[in-house]
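Subject: Structure handover

Hello,

Here is the structure for your files. My notes on what turned up in it follow below.

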Amino acid sequence: MITSYVILGVLLLFLLVSSLKSFGINQEYQRGVLFRLGRLGVTKGPGWYWLIPFVDRVVRVDMRTITYQLETQETITRDGVAVRVNAVLWFRADSAVHVVTSVEKWMSATVQAAETALRDAIGQSELDQMLKDRISINKRMQELLREASLKWGVEVDSVEIKDVDIPEQMQRAIAKEAEAIREKRARIIRAEGEQEAATKLSQAADTISASPGALELRRLQTLTEIGVEHNSTIIAMLPVELVHAARKIAGMPAIDE
C-alpha cells in the first residue's frame, strides 16, 4: 500500500514537472526558435506558448540592440603610421532563426567580425583621413561588417571610432605642422593688409595732390590731434612753399612733397 502511494506521488510529481516544462513565456523583446525532435519549427513570439514535453526545445533570442565597446586594436595606416584605435558597435538580431541556425554564438561572431573590419578600414586609410574624416571610415567599416553579418541574421545599426592613439613623436610632428600652417596664414593676412593699406594711401595721395588746399587741411587736422593727445607740446609748421623758396635761395635742390 505504501509502495503504491510512493509510485503515485512520483507520477504526480513527474506530471507536474512535465506540465511546468510544457509552458513558456517570452517577453516583448524575445523570440523563441522552436526545435521539434531536432527539426526547425515555428518561431514563438512574445507571450506564452505550449511545448510537447521531451519533444520540443526552444532557444530564446534577445532582439534588443546591443552596445559593445570593441577592444583596442593596434594596426598600421596606409601611410605606415602605427596607431591604437578602439570603436563602439551597435548591433541586434534581425532574424531569430538565422542567428540560431547559421552561426554559433552569434554575438561573439559579430564582435570578432567588427574587430577585423576595424583593422581593415584603418589599413586602407591614411592618418590625416582618420583624424579629419572619421565619418567615411565608419561607413566603410559598416559596409565591411554588413557583408558577413547579414548572412547570420544580424543587423549592424552603427559602428563608430571612439579614440585614436598615435605615437608621441607623430603628435609633435602634427603640432609643428599645424603651427606652421597658422604662421603661414598669419603672414598672408599681414601681407594682404599691408597691400590694401598701401593701395589706400596711394589713392589718398592722389586725391590730396589733386587739390592744393587738401594738404593744408590735413596739416591742420594733424595739429588738432596732436594738441588733444600731447597738449604740452608746441609744434610750429611752415608752409611747404616757404620751405621750397628758402631752399632755392640757398641754392639747395628742392625736395619732393
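A residue is called buried here when its relative accessible area is under 20%, and exposed when that value is over 50%. By that rule, both Phe 91 and Trp 106 are buried. Please keep in mind throughout that this is a predicted model.

Overall figures

The chain has 257 residues, of which 25% count as buried. Eight helices and nine strands are found in it. About 18,200 Å² of the chain is exposed, and carbon and sulfur atoms account for 57% of that area. If one takes the contacts between residues at least 6 apart in sequence, 60% of them join residues at least 24 apart.

Aromatic pair

How many aromatic pairs does a search of the whole structure find? It finds one. The partners are Phe 91 and Trp 106: their ring centres are 6.0 Å apart and their planes stand at 80°, so the pair is edge-to-face. The angle settles the class because planes over 60 degrees apart count as edge-to-face. Phe 91 belongs to strand β8 (residues 82-93) and Trp 106 to helix α3 (residues 106-123), and the pair thus links distant parts of the chain, 15 residues apart.

Charge over a ring

Arg 64 lies over the face of Tyr 29. The distance from the ring centre is 3.8 Å.

Nonpolar patch

Phe 23, Ile 25, Trp 48 and Trp 50 make up a nonpolar patch on the surface. Together they have about 540 Å² of accessible area. Two elements, β1 (23-26) and β4 (47-50), give two or more residues to the patch.

Ile 25 and Gln 30

Is Ile 25 of the patch buried or exposed? Ile 25 has a relative accessible area of 56%, and it is classed as exposed because the cut-off for that class is over 50%. Its place is in strand β1.

Gln 30 is in strand β2 (residues 30-36). With a relative accessible area of 18%, Gln 30 is buried; the value falls in that class because the limit is under 20%. Which residues is Gln 30 in contact with, leaving aside its neighbours within four places in sequence? They are Ile 25, Gly 45, Pro 46, Arg 60 and Val 61. Buried Gln 30 is therefore in contact with Ile 25, a member of the surface patch.

Regards

Terms used
Residues numbered from 1 in each chain as written. Predicted model: local features only at pLDDT ≥ 70, side-chain atom pairs only at ≥ 80, totals over all residues. Heavy atoms only, no water. Patch = residues over 30% accessible without salt bridge, like charges linked within 9 Å, V, L, I, M, F, W, Y side chains within 5 Å. Areas by Shrake-Rupley, 256 points an atom, 1.4 Å probe, with all protein chains shown as cover. Salt bridge = Lys/Arg side-chain N within 4 Å of Asp/Glu carboxyl O. Helix = DSSP H or I, 4+ residues; strand = E, 2+ residues; numbered from the N terminus. Buried < 20%, exposed > 50% of the residue type's maximum accessible area, 1.4 Å probe, protein only. Contact = heavy atoms within 4.5 Å. Phe/Tyr/Trp six-rings, centres within 6.5 Å; stacked < 30°, edge-to-face > 60°. Lys NZ or Arg CZ within 6 Å of the ring centre and 35° of its normal.
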